[in-house]
Amino acid sequence: MFSGKQSKPTFKSYLPPLQTDLKKSPQLPIKKLEAKLLPGEIVVNEANFVRKCIGAESCQDDLWGKLVCTNFKVSFISHNSLPRQRFQCTHRLLGEHDIPLACVEQVVTVNDVKGKQKILGSNQKLKFNPTELILYCKDFRIIRFRFDEAGPESAKKPFAPKHTHTSCTRVVCSGEQVNGVDPGGGMQTPLFDCSSDWDREIKRTGASEWRVCTINQGYFISPSLPEFFVVPVSLADQDLKQYACFFYSQRIPLWCWNHSSGSALVRMSNISDPQQQRKVEQRISSAITKSHPLRSDVFKSDLDKTLPNIQDIQAALLKLRQICVIDPFEESEEKWLSSLESSRWMEYVRTFLRHAVEVVYMLERRNVPVILLENEDRDLSCVISCLVQLMCDPHCRSLHGFQGLIQKEWVMAGHRFLDRCNHLKKNDKEESPVFLLFLDCAWQLWNQYPAAFEFTDVYLTVLGDSMWVPIFSTFLFNCPRQRAENSRDFASSKSIHLGQDQALRFPPVWDWSQQFSLKDQTLFNNPLYVGKIATCVQNGTVKTFTHRRSKKNYSSTLRGLPSAFRNGSIGPNDTLARRNSLVLRLRSDLSQVREQQETPSERFIRDFFSRPVDLQGLLLPQLLPSHLSVWKLYFLRWVPEAQIPQGGPITTFHKLSVLTDEIEMLQNQLKQYKGAGGTPNNLHVEPSKMYFKSSSTPHQPPAPPEYLSSSFPFSPVGNLCRPGILGTPLSKFLNGAKIWLSTETLANETF
């Protein structure tokens with residue numbers, strides 16, 4: 001019946017064959033795509049007809065354009081655009097699809113046909129034509145590019161990051177606004193690069209027995225210390241010069257802060273000469289004791305023996321990135337939570353907070369000076385000294401106070417940002433996210449007492465991202481001397497006149513106007529902050545408003561805020577707790593501590609939580625594991641699954657969101673139908689409030705979402721490699737709570 005020989009087809013089609021979405025060539029406009037370059041930025045390589053993947057699989061939402069690698073960033077340029085949030089932050093120096101080279105952790109090239117993968121290093125050439133390029137970023141993003149239509153030669157061009165810090169800082173170097181000046185006329189953030197800044201800090205803290213020392217001008221004594229720092233009055237300059245050679249890297253003990261009782265917080269490197277150790281330690285301790293009103297003995301805290309080292313911290317972050325970004329996220333599964341615990345990141349956060357509380361106990365309750373001992377005094381001591389001041393000093397919880405704290409304890413004290421961030425990709429063993437760990441610890445304190453901080457968690461997230469945009473000098477160099485030498489070299493190469501101070505200052509990161517508009521900067525201001533004036537955006541203009549709740553009532557009734565209200569709304573079963581009822585909530589957790597024999601510091605914590613808390617006074621964090629949270633806004637903002645209540649697959653949540661949206665729209669139509677006396681012609685269809693919208697109607701044209709999501713103000717759109725969806729869900733809405741209030745709504749609310 002069937003012959004083995006196939007008959008030759010006789011039908012001839014005069015229509016071009018249909019192409020699938022995956023094989024369809026991009027119809028790019030004739031207009032040439034050009035990258036937006038900053039001054040001093042040059043193009044290294046580029047490839048046309050590149051597809052940026054929005055989902056894990058190829059889909060119609062992918063973008064076509066040009067991929068460009070410069071000496072500063074990897075940039076994708078496209079004529080197409082993605083839906084944009086109304087309240088999304090816009091970076092002035094980086095486009096929506098730009099990735100700074102310093103932010104790239106790893107570059108992986110893939111060939112689908114041959115099944116090959118290769119991690120691409122700096123200046124390496126490929127032996128095969130890649131079909132896909134995957135960028136693993138340090139800010140927990142994964143970005144994929146396809147070369148289906150780029151051609152073999154274009155696809156084979158090396159896009160490996162060429163890391164260089166000098167070219168990055170030269171991009172926006174200018175002589176204006178170099179001292180942290182807010183262009184809006186606000187306060188000035190001290191840079192602590194002159195004696196006057198230190199003198200003001202001495203007077204602010206009441207450290208009358210301490211003075212500004214100038215023996216390191218020109219970095220004559222120590223290459224890693226600032227030119228100006230604070231020492232006890234009883235220590236003469238000649239003695240300091242004599243003792244300097246006994247300390248590791250000639251790092252003389254540094255004064256950090258003074259408690260109101262007179263107890264000083266000091267940081268010190270180890271003494272390298274064992275024969276002189278006892279003599280020098282006694283002399284330094286005696287000078288610090290003389291600076292105390294009661295001549296109290298000094299307490300020494302050895303951080304190297306009690307805290308994780310930089311290698312442990314780096315290993316914990318790598319495991320955290322693996323489970324938060326690379327592995328599938330299922331919050332409902334016990335495996336994910338156990339993996340989070342096994343990373344030890346949260347354990348280290350708790351360890352640093354606990355140690356800072358112990359130091360606060362010595363300063364506050366025991367009323368004794370404290371010396372933080374660390375081998376080189378450039379990593380762990382930065383974290384502890386800052387946390388102690390955050391807990392004790394309300395000035396450090398203001399925006400400019402917090403920036404000055406980082407400038408004093410990290411930048412000028414010589415934290416090795418260049419090595420710890422590994423901007424130059426020279427030594428992976430030196431890389432460690434010590435500063436990110438501090439920001440996470442600060443966020444834990446903020447999360448428990450949000451009304452005590454002038455800034456928001458959005459500000460902390462932006463600050464964490466600033467490490468990977470090495471345009472500004474703040475998080476770029478290892479010490480002030482290296483920063484000064486690079487500025488002089490750059491000025492010499494460009495024949496720039498230095499002026500009287502013989503220094504060219506690169507802009508600090510604290511001048512946020514170079515990165516964000518004034519409107520976007522208002523997202524840094526905490527509307528819940530007690531007793532201060534905050535700015536907001538109302539009807540497109542910047543305005544100020546004062547909170548109407550008195551400081552006394554607020555601080556005596558609340559210890560932070562209920563978890564639901566922290567996200568901008570109060571759930572149906574949540575109320576603002578009275579003081580007594582809130583203490584009852586804590587008793588169940590504190591009872592676990594009482595079962596064991598309490599240490600003096602634990603008793604100090606228990607006594608603190610038994611009294612009303614002044615949000616403008618001492619703040620201590622709750623240290624049980626159940627009190628610490630994952631910083632989702634930073635670690636999980638690019639993962640929509642992480643925002644799903646109780647976890648679950650994103651496709652199921654997508655369907656649920658669409659059904660919820662349709663129900664809401666039908667309910668609104670039913671209300672309007674009844675109110676209009678049963679006349680359907682008078683119906684007014686309200687726009688959808690969901691990110692996952694149901695199908696549009698003729699009365700409702702498609703529009704970008706205008707409500708805030710749980711990842712506000714960082715929209716994952718265009719940065720995801722997740723299956724099947726765009727945007728982030730409004731989980732609060734699906735939980736039956738009020739939608740997260742916008743900045744404009746908060747401005748009109750009565751507190």
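**Close-up 1. Strands β11 and β12 run side by side in the antiparallel sense, joined over four bridges.** Keep in mind that this is a predicted model. β12 covers residues 264–269. One bridge pair to pick out: Trp257 has Leu265 of β12 as its partner.

**Close-up 2. Zooming out, β11 and β12 belong to an open sheet of four strands.** The strand order reads β11-β12-β14-β13, and the pairing is mixed. At the edges sit β11 (254–258) and β13 (299–302), each of which pairs on one side only. If you ignore direction, neighbouring strands in this sheet are turned against each other by 25° on average.

**Close-up 3. Two helices, α9 and α10, pack on the sheet.** α9 touches β11, β12, β13 and β14 (370–374), and its direction makes about 150° with that of β14. Helix α10 (residues 380–392) touches β11, β12 and β14; its direction makes about 175° with that of β12.

**Close-up 4. Besides packing on the sheet, α9 also packs with helix α20.** Here α9 spans residues 345–364 and α20 spans residues 600–609. The angle is about 85°, and the axes are 10 Å apart. Angles of 65 to 115 degrees count as roughly perpendicular, so α9 is roughly perpendicular to α20. On the α9 side, Val357, Glu358, Val360, Tyr361 and Glu364 make the contact; on the α20 side, the contact comes from Pro600, Ser601, Phe604 and Ile605. Sorted by type, the residues of this contact come out as six nonpolar, one polar and two charged.

Note on methods:
Residues are numbered from 1 along each chain as its sequence is written. This is a predicted model: local features need pLDDT of at least 70, side-chain atom pairs count only at pLDDT 80 or more; totals for chains, interfaces and linings use all residues. Side-chain values use heavy atoms; hydrogens and water are left out. Axes are lines fitted to C-alpha atoms, for helices over the stretch in contact, and angles run from 0 to 180 degrees between N-to-C directions. Angles under 35 degrees count as roughly parallel, over 145 as roughly antiparallel, 65 to 115 as roughly perpendicular and the rest as oblique. Contact means heavy atoms within 4.5 Å. Ala, Val, Leu, Ile, Met, Phe, Trp, Tyr, Cys and Pro count as nonpolar, Asp, Glu, Lys and Arg as charged, and the others, Gly among them, as polar. Two strands pair if DSSP finds at least two bridges between them.
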